[in-house]
Every structure is written in structure tokens, then in C-alpha cells.
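Student: I'm new to this one and would love a close look at a single part. Could you take me through the place where the ligand sits?

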Amino acid sequence: MVIIGGSSSQDLAAKVAEKLGERLCYVESKKFPDGERYLKINGKIDDEVIIIQSTGYPQDENILELLFLIKTVKDIGAKKVTVVMPYMGYARQEKRFNPGESVSAKIVVELIESAGADEFITFNIHEECVLNFFNIPAKTLSAMPAIADFINDEEDLLIVAPDKGAYHFAQEIAQILNCECTYLSKVRLGPDKVETRIVDVRCEDSSDETVNVDAVKGKKAVIIDDIIATGGTIVNAIKILKQYGAKSVDVCCVHPLLVNGATTRIYEAGAQSIISTNSISSDTSRVSLANIIADYLKS
Ligand code: R5P
């Protein structure tokens, strides 16, 4: 087996290779003066090749480089290519929300398959139905055990999902740490505008809309979400948690897109810290996915 790190995931690929005791293969990937990509595999290819490449910004370049990698290693002798895409760009456009829109996630999947990928692995994909677009084995792994390991198992800990969609992440972490969890209610008004309209904080076992102030008061709240993009969702959540008397608020996510000054806005709103995985390289990437990837590839 040989491991290849694409331009966006070199550090993670090196750590996975080290944990597996497998060889890293150097790839020369650069741009010609006119902007076109040049790619050359500079090492020996084994029958089995693992390509690790996230497709955060610049999404289109990272995707094209990945396609070049898959096709080239297949052309020069690889029998099985496993694509590990820690963050999958375009996975939020899994359907045609408005007439005429491209179903971008499906197009990306078809490109990966037609380039020759034999297996696909990602982390906490935003819409699991995207995996159904694949004809090859495709799996989403969870980063929550690694994030839970990082969070101190302190007293008064409350894991908070900023919306109901993220509640299963909060539940997963709370179960590992044996602490409480809850969620807030969020309404999305547009791609960069969210409003947490209903400021109720519900207990896990509560089915009504009653505000439960005691769920937050005096707690060390840790917000967990899959993606932080503009930070709007998290800023709203921090404000509500502070309003309800949280002692402190820390923020965790799997995929730190962190665009448009999100980091500053989150700290300005009162967060004590922001941590994320290294699915995308960022200042916040303090939780490594290398062990989970290596364990999965070994199994
Ligand atoms: C959406 O439901 C996701 O789980 C995230 O909450 C969302 O992508 C975050 O976006 P933003 O940081 O722009 O609010």
C-alpha cells in the first residue's frame, strides 16, 4: 500500500502513513504560467493506493487535482484506489433547491468514480444521501470520538448542538463523556444569514417547547457542529447560551471553513476557544483524524 497526500492534505497523509507504517509517495503538482495544472507521480506505485485530499477552498482546484491523481495512479498500475476526502466540498448541494441549479454533489461523485476510484471515505458528510450517489463503496466516518477525547471531561459540562440537525453530534459526544447535551433551534434565512428565532433550550428528554433555563445556567457549554462557514450559526448560539447564563462557551467543529472573518466574529461573541479537526488545515485544527483514518484502513 502507498499513501498519497494531495495538496490540501499533505500533513494528514504523512501522519496516516506513519501510523500505518506505510510508504508516502511524493507527487509533483504545480501550475504552468497560464494557470493549467501539471502533475507527476514521483514515486513507485503499489497495487493499492490511498489518496488523501480534502476539497475545501480552493474547491475546484483541489477536486481537479484529485481527479488527476486518481486517473494517473490507475494509468500507471494501481489496482485499487481508495479516496479519503476528510472534507467533501459541494456536499451541501445534494439536490436542486431551485429550478436550473446543478446538483453539484452528484456531479462531483460521478467525476470521482469515472476517474477510477474504487472506494470513498469522508468524515461527517453534511448530507448522508450524497453517499447514495456512489456506485462504489462509500462511507462517512465520525470525528466525534476524537473531538470527545480532546474535550476535558469536567464537571458542569453541557454539549450543545446549535441546531437540531447537529443534535446527533452532541449526543454522540455526550455519550462518550457521560455528560448532558441539548440543542437550540435555528432558522436559515439565506446562505450567509441565520437566525436562532426560537430561543428555547430543550433537554434531551423534553418534547415540549418550554424554555429550560436550568439546562444552561452555570454550565461550561461546548458547542459542536459539523461545519463552521461564516460563523453565523455559532455566533447566534453563543449569544443565546450567554443570555441563559452559561459559565463559559467553547466551540468545536469537524470542518473549519471559517470564511468572512468567522474566527474573529466567534471570539467577539464571547467564545473561550475554537477547536476543529484537521479535515481542513486551519489555526483551529487541534484534533487529528489520522488515528481514525489509519484504524479504518487497517480494518
Ligand atoms: C448547517 O446546517 C451546518 O450544520 C452548519 O451549521 C452550517 O453550515 C454553518 O454555516 P455558518 O457558519 O455559515 O452559519
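Tutor: Happily! Around the ligand there are 14 residues, and those that come nearest are Asp-225, Asp-226, Thr-230, Gly-231 and Thr-233. Do keep in mind that this is a predicted model.

Let's start with the polar atoms. The side chain of Asp-225 has an N or O atom 2.6 Å from an oxygen atom of the ligand. The backbone takes part too: a backbone N or O atom of Gly-231 is 2.8 Å from a ligand oxygen, and for Ala-229 a backbone N or O atom likewise lies 2.8 Å from an oxygen atom of the ligand. As for cover, the ligand taken alone exposes 370 Å², and the protein buries 89% of that.

Now, which elements build this shell? Both β14 (220–228) and α6 (232–243) supply at least two of its residues, with β14 giving the largest share, 4 residues. By type, the shell around the ligand holds 6 charged, 5 polar and 3 nonpolar residues.

From β14, which spans 220–228, you can also step into the protein's interior. Ile-224 is among the residues with the most contacts inside the largest nonpolar core, a set of 43 residues; Ile-147, Ile-151, Ile-159 and Ile-173 are named alongside Ile-224. Helix α5 (residues 167–177) supplies the largest share of this core, 6 residues. Look at Ile-173 for a link back: beyond its neighbours within four places in sequence, Ile-173 is in contact with Ile-224, as well as Met-144, Ile-147, Ala-148, Ile-151 and Ile-159.

Technical notes: Residues numbered from 1 in each chain as written. Predicted model: local features only at pLDDT ≥ 70, side-chain atom pairs only at ≥ 80, totals over all residues. Heavy atoms only, no water. Near = heavy atom within 4 Å. Polar contact = N/O pair within 3.5 Å; in protein donor to acceptor, adjacent residues only side chain to side chain. Areas by Shrake-Rupley, 256 points an atom, 1.4 Å probe, with all protein chains shown as cover. Nonpolar A, V, L, I, M, F, W, Y, C, P; charged D, E, K, R; others polar. Core = buried A, V, L, I, M, F, W, Y, C linked by side-chain atoms within 4.5 Å. Buried < 20%, exposed > 50% of the residue type's maximum accessible area, 1.4 Å probe, protein only. Contact = heavy atoms within 4.5 Å.
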